[in-house]
Amino acid sequence: MKEAALEEMGLLPVWKRRVFEEKKLEEAVSGLMGWDEIRTAIESCTACPLSKGRNKVVVGVGNRQADWLFIGEAPGAEEDIKGEPFVGQAGKLLDNMLSSIGLSRQSNVYIANTVKCRPPGNRNPEPSEMAACRPYLVRQIELIEPKLIVVMGRVAAQSVLDSEASISALRGKVHAFGKIPAIVTYHPAYLLRNPSDKAKAWEDLRFALKTMEPLR
Ligand code: SF4
């Protein structure tokens with residue numbers, strides 16, 4: 001209550017104001033009941049600087065009751081235009097990876113990002129931006145109730161799992177997001193630049209399938 005009073009008077013220090021704003025967003029989002037409200041809130045969200053450069057927000061795509069949730073880091077240029085995650089070459093590769101283990105965004109997977117607005121110049125989202133956007137992702141996860149989360153890429157993995165470990169240290173282990181098991185693999189955009197690591201990504205997908213088996 002004291003913070004609220006200071007906020008009203010505009011007397012909170014900048015860092016504390018940011019924490020306070022994130023807390024307020026978390027409280028607001030946790031009170032949101034459904035997908036329509038989440039989309040509406042994201043479309044008008046100005047909780048971090050990424051709101052300034054976005055064309056379209058990228059909420060997510062796929063089956064909202066899927067057992068599988070794949071999480072990447074941020075929308076890129078094509079995603080920002082279309083309002084859908086993982087389109088373009090990285091999207092095609094992801095679709096092929098999903099297909100190789102019997103999954104598809106049209107039927108049994110949901111795909112989202114840690115931030116819903118495109119970082120300028122396709123830079124990595126800042127930790128503060130991912131923290132600001134986290135309440136939306138948390139609410140999406142609450143609604144989907146996936147059995148397994150697959151986090152793609154170092155930036156998303158470190159944010160979702162609240163870790164500073166390298167991707168090679170995070171791969172091949174079962175982590176947790178709350179009570180939901182989570183595993184880590186490479187981001188498809190990274191694999192396009194480093195095709196020799198595709199074999200490791202295939203190992204990760206087989207590991208994901210094995211992890212999912214007892215959860216079904
Ligand atoms: S990235 Fe997330 S927190 Fe930042 S403005 Fe977009 S919706 Fe809001």
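The questions and answers below concern a predicted model of a protein.

Visitor: How many helices and strands are there in the protein?
Guide: The model is a predicted one. Buried residues make up 40% of its 216 residues. The protein has ten helices and six strands.

Visitor: In what order do the strands form the sheet?
Guide: The sheet is open and its pairing is mixed. Strand β2 (residues 68-72) runs parallel to β3 (residues 109-113), with five bridges, and also parallel to β4 (residues 148-152), with four bridges. Between β5 and β6 (residues 180-185) the run is antiparallel, with three bridges. The order of the six strands is β1-β3-β2-β4-β6-β5.

Visitor: Which strands stand at the edges of the sheet?
Guide: A strand at the edge has a single partner strand, so one side of it is left without a neighbour in the sheet. The strands in this position are β1 (61-62) and β5 (175-177).

Visitor: Which residue of β6 stands opposite Ala-176?
Guide: Strands β5 and β6 are joined by three bridges and run antiparallel. Opposite Ala-176, in β6, stands Pro-181.

Visitor: What angle does the direction of helix α10 make with that of β6?
Guide: Helix α10 covers residues 198-212 and packs on the sheet. The strands touched by α10 are β4 and β6. The angle between the directions of α10 and β6 is about 170 degrees.

Visitor: Are the residues of β2 buried or exposed?
Guide: In a regular strand, side chains alternate between the two faces of the sheet. Here Trp-68, Phe-70 and Gly-72 point one way from β2, while Leu-69 and Ile-71 point the other way. Five of the five residues of β2 are buried.

Visitor: What is the bridge partner of Gly-72 in β3?
Guide: On the β4 side, Ile-71 of β2 stands opposite Val-151. In β3, the bridge partner of Gly-72 is Asn-113.

Visitor: Which helix gives the most to the largest nonpolar core?
Guide: Nonpolar side chains in soluble globular proteins tend to be buried together. The largest nonpolar core here has 56 residues, and those with the most contacts inside it include Trp-68, Leu-69, Phe-70, Ile-71 and Val-109. With seven residues, the helix that gives the most to this core is α6 (residues 127-144).

Visitor: Which residues does Val-109 touch, not counting those up to four places away in sequence?
Guide: Val-109 is one of the residues with the most contacts inside the largest nonpolar core. Leaving out residues up to four places away in sequence, Val-109 touches Gly-62, Asn-63, Ala-66, Trp-68, Phe-70, Leu-98, Leu-103 and Ser-104.

Visitor: Why does Ala-90 count as buried?
Guide: Ala-90 lies in helix α5 (residues 88-100). The cut-off for a buried residue is 20 or more other C-beta atoms within 10 Å. Ala-90 counts as buried because its C-beta neighbours inside 10 Å number 22.

Visitor: How many Å apart in space are Ala-90 and Ala-189, C-alpha to C-alpha?
Guide: Not counting residues up to four places away in sequence, Ala-90 touches Pro-188, Ala-189 and Leu-192. Ala-90 and Ala-189 are 99 residues apart in sequence. In space, C-alpha to C-alpha, they are 5.0 Å apart.

Visitor: Which residues are the closest to the ligand?
Guide: The ligand is surrounded by 13 residues, which divide into nine nonpolar, two polar and two charged. Helix α6 gives the most to this shell, with three residues. The closest residues are Cys-45, Cys-48, Ser-51, Cys-117 and Cys-133.

Note on methods. Residues are numbered from 1 along each chain as its sequence is written. This is a predicted model: local features need pLDDT of at least 70, side-chain atom pairs count only at pLDDT 80 or more; totals for chains, interfaces and linings use all residues. A nonpolar core is a set of buried Ala, Val, Leu, Ile, Met, Phe, Trp, Tyr and Cys residues joined through C-beta atoms within 7 Å. A residue is buried if 20 or more other C-beta atoms lie within 10 Å of its own, exposed if 12 or fewer, and partly exposed in between; C-beta atoms are placed from the backbone. Helices (H or I, at least four residues) and strands (E, at least two) are DSSP runs, numbered from the N terminus. Two residues are in contact if their C-beta atoms, placed from the backbone, lie within 7 Å. A residue is near a molecule or strand if its C-beta atom, placed from the backbone, lies within 6 Å of it. Ala, Val, Leu, Ile, Met, Phe, Trp, Tyr, Cys and Pro count as nonpolar, Asp, Glu, Lys and Arg as charged, and the others, Gly among them, as polar. Two strands pair if DSSP finds at least two bridges between them. Axes are lines fitted to C-alpha atoms, for helices over the stretch in contact, and angles run from 0 to 180 degrees between N-to-C directions.
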